[in-house]
Amino acid sequence: MMTGAAKGFHDRFPWRWALPALAAVCICIWGCTDRLAGGSIEIGNSGKVTGQVLTLDGTAAANARVRLLPDSYDPFLADSLPSAWSVSTDAEGKYEISDVVAGAYNIEIRDSLGGTLALLTGVKASGLAEGQALPQPVAKLAEAGSISFAMDGESGEGYFYLPGTRVFTVPDSVSQVTRKVTLLGVPAARYAALIHMVPGISARNLLGRPISTKAGTELMLGPYHAWRFLRAVTVNAGPTGAGLKAGLGRFPLLVRLTSANFDFTTAKSNGEDIRFSKSDGITPLPFEIESWDALNKRAEIWVGLDTVAANNPTQTFLLYSGLPEAAVASNPGAVFDTASGFVGAWHLGISLKDATGIGNHGMDSGATPAAGLVAKARQFDGTGRHVGVRDNASLRFGTGDFCLSAWIFVDSIAANNQVFAKRSAEGNYEVQLRSGGTLLAALDQGGTPGLALHGATALRKGVWYHVAFVRAAGQAMLYLNGALEAGPVDAPQNADTPAELSFGDDPAKPGVEGFRGKIDEVEFSRTARSEDWLKLIYATQKPASAIVLVAPAE
């Protein structure tokens, strides 16, 4: 439907299809302004607005041009305004604007000599006596800035403008090719609207939430400026958090959303409009929604961070929601990326799919979904019920590096309880719980006795534990909850076997060494994960973790 503003433009300027001919104009700026503090101001019908303008060094700004502009003013149309609404400051930098009728306004101030600007927003005229004047806060002139953004999803027709200012642009041939729009001469202020007007067709606000510009700087709008809601996610990798000694790259970080840190009414019913970016607001971050439960106000999302800085308690990235037309963008393969070494990632919830995209999907053999550490896990009863994964070259590690990890929850301990195993006559690798509740990681070659790493900690029932079996440069280690449990020892054995990989049982001894409890979040990598990596997994994923904080953002 054609808006009133668009219809008015078409009625007055029927040459809207000639707009591309204005390309030579490129950027059209008629005066601009800077930010003033101050809230709403009310004046009566035909009242007055008075104020004073200073330079940044505090001296009076004489002969500065002051204009009263309706807050919906379209600078491209440049409708004529009462002459009394355009005045100059006197020798003391003071001004008086008369004949102000009821309405909402901005006050624009420009120093024609220095080229500096000021802007007062939120001036509301109503309800006071005839001729009454209300003074404005002192305005200080400052350098203009600019706003740039990509034209992704936008046509090159029409023009772009900031309502209530004199700032607009008509896309030229360069911006059409680069698909980038730049508004120059932008005063430092907070803006709730940036309009793309296609005359006779539409007028659309590109901003889902207000933006703020600073004097003399360029504001780059990222790809998510249309999303209405923004939150900041902070990772504490400092001494009071995960305590990382070295930085990590390409790390899948778990973000838990609850009613305490996220308003689920700000997102679509299944989280289709959720997005993440780096703190710059420009660089997208891949993510996977493992679960989204709007009814119970709970979600678990994996975000692929390109770096996690060492000893940094305040590394922050951004979470967006609130764009009804957005389609789902959850991308597990970009989070558990094969380029960063992942060859299998199984959430073991309702779905048994491999998140890496390789296709090492799980096959259910009686293991049932149950409440897990992250959303759902799989429940095993020790009778041979398991999750199987067909053999694949990606799951054969030879004598190279690897990291095999999982979260386990013990219900009871019998003899040997297999967390996972890949066993045949050619060889075997496995992690199991021994009869005393301690861990064993084993690597056998060609059916001969091989490597065995024995843990010393007796695991308790009813507690979630993170276990990891790592081989790095021929040395093997067993980790428990991010700390070294056994090793390092020499591990030259070949980890190749054509057997099926089994979670919760031993494929060579079905029903004999079955696990009794729950297994969740199994990750296999063709790279050796560091102790810091495993420490961060434990610190950020353990129950009641407070290492990842989700909070409102500016």
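Okay, let's start with the largest pocket: the biggest share of its lining, three residues, comes from strand β19. Before I go on, please keep in mind that this is a predicted model.

So who else contributes to that pocket? The strands that each supply at least two lining residues are β18 (211–212), β19 (218–221), β20 (229–235) and β25 (315–321). There are 21 lining residues, and the ones nearest the centre are Arg209, Pro210, Ile211, Leu230 and Glu554. By character, the lining splits into eleven nonpolar, five polar and five charged residues. And the space inside comes to about 570 Å³.

Right, on to salt bridges. Side chains of opposite charge can pair when their charged atoms come close. How many salt bridges does the structure hold? The count is 15, and I'll walk you through a few of them.

Take Asp364 and Arg378, whose side chains meet at 3.5 Å, N to O. Asp364 sits in strand β27 (residues 363–365) and Arg378 in strand β29 (residues 376–381), so this pair links distant parts of the chain, 14 residues apart. Is each partner buried or exposed? Asp364 is partly exposed, with a relative accessible area of 44%, while Arg378 is at 5% and counts as buried.

Next up, Asp381 and Arg385, with a salt bridge at 2.8 Å, N to O. Here Asp381 counts as partly exposed at 33% relative accessibility, and Arg385 is partly exposed too, at 39%.

Then there's Arg423 with Asp506, again a salt bridge, at 2.8 Å from N to O. Arg423 lies in strand β32 (residues 417–424), whereas Asp506 is in the loop between β39 (501–503) and β40 (516–525), so the pair ties together parts that are 83 residues apart in sequence. Both Arg423 and Asp506 are buried.

One more for the collection: Asp391, Arg396 and Lys422 are linked in a network of salt bridges.

Last thing, how far can we lean on the model? The chain averages a pLDDT of 89, and 91% of the residues score at least 70. Now look at the start of the chain: over residues 1–42, pLDDT stays under 50. The model does have 118 contacts beyond four places in sequence for that stretch. Still, where pLDDT is low, the predicted coordinates should not be read in detail.

That's my tour, thanks for listening!

Technical notes: Residues are numbered from 1 along each chain as its sequence is written. This is a predicted model: local features need pLDDT of at least 70, side-chain atom pairs count only at pLDDT 80 or more; totals for chains, interfaces and linings use all residues. Side-chain values use heavy atoms; hydrogens and water are left out. A salt bridge is a side-chain nitrogen of Lys or Arg within 4 Å of a carboxyl oxygen of Asp or Glu. Helices (H or I, at least four residues) and strands (E, at least two) are DSSP runs, numbered from the N terminus. Buried means under 20% relative accessible area, exposed over 50%, partly exposed in between (1.4 Å probe, protein chains only). pLDDT is the predictor's confidence in each residue, from 0 to 100. Contact means heavy atoms within 4.5 Å. On a 1 Å grid over the protein atoms alone, a cavity is a set of points where a 1.4 Å probe fits but cannot get out, and a pocket is an open set with protein on both sides within 12 Å along at least five of seven lines; lining residues have an atom within 4 Å of a point. Grid points are joined across faces, edges and corners, and a volume is the space filled by probe spheres set on the points. Ala, Val, Leu, Ile, Met, Phe, Trp, Tyr, Cys and Pro count as nonpolar, Asp, Glu, Lys and Arg as charged, and the others, Gly among them, as polar.
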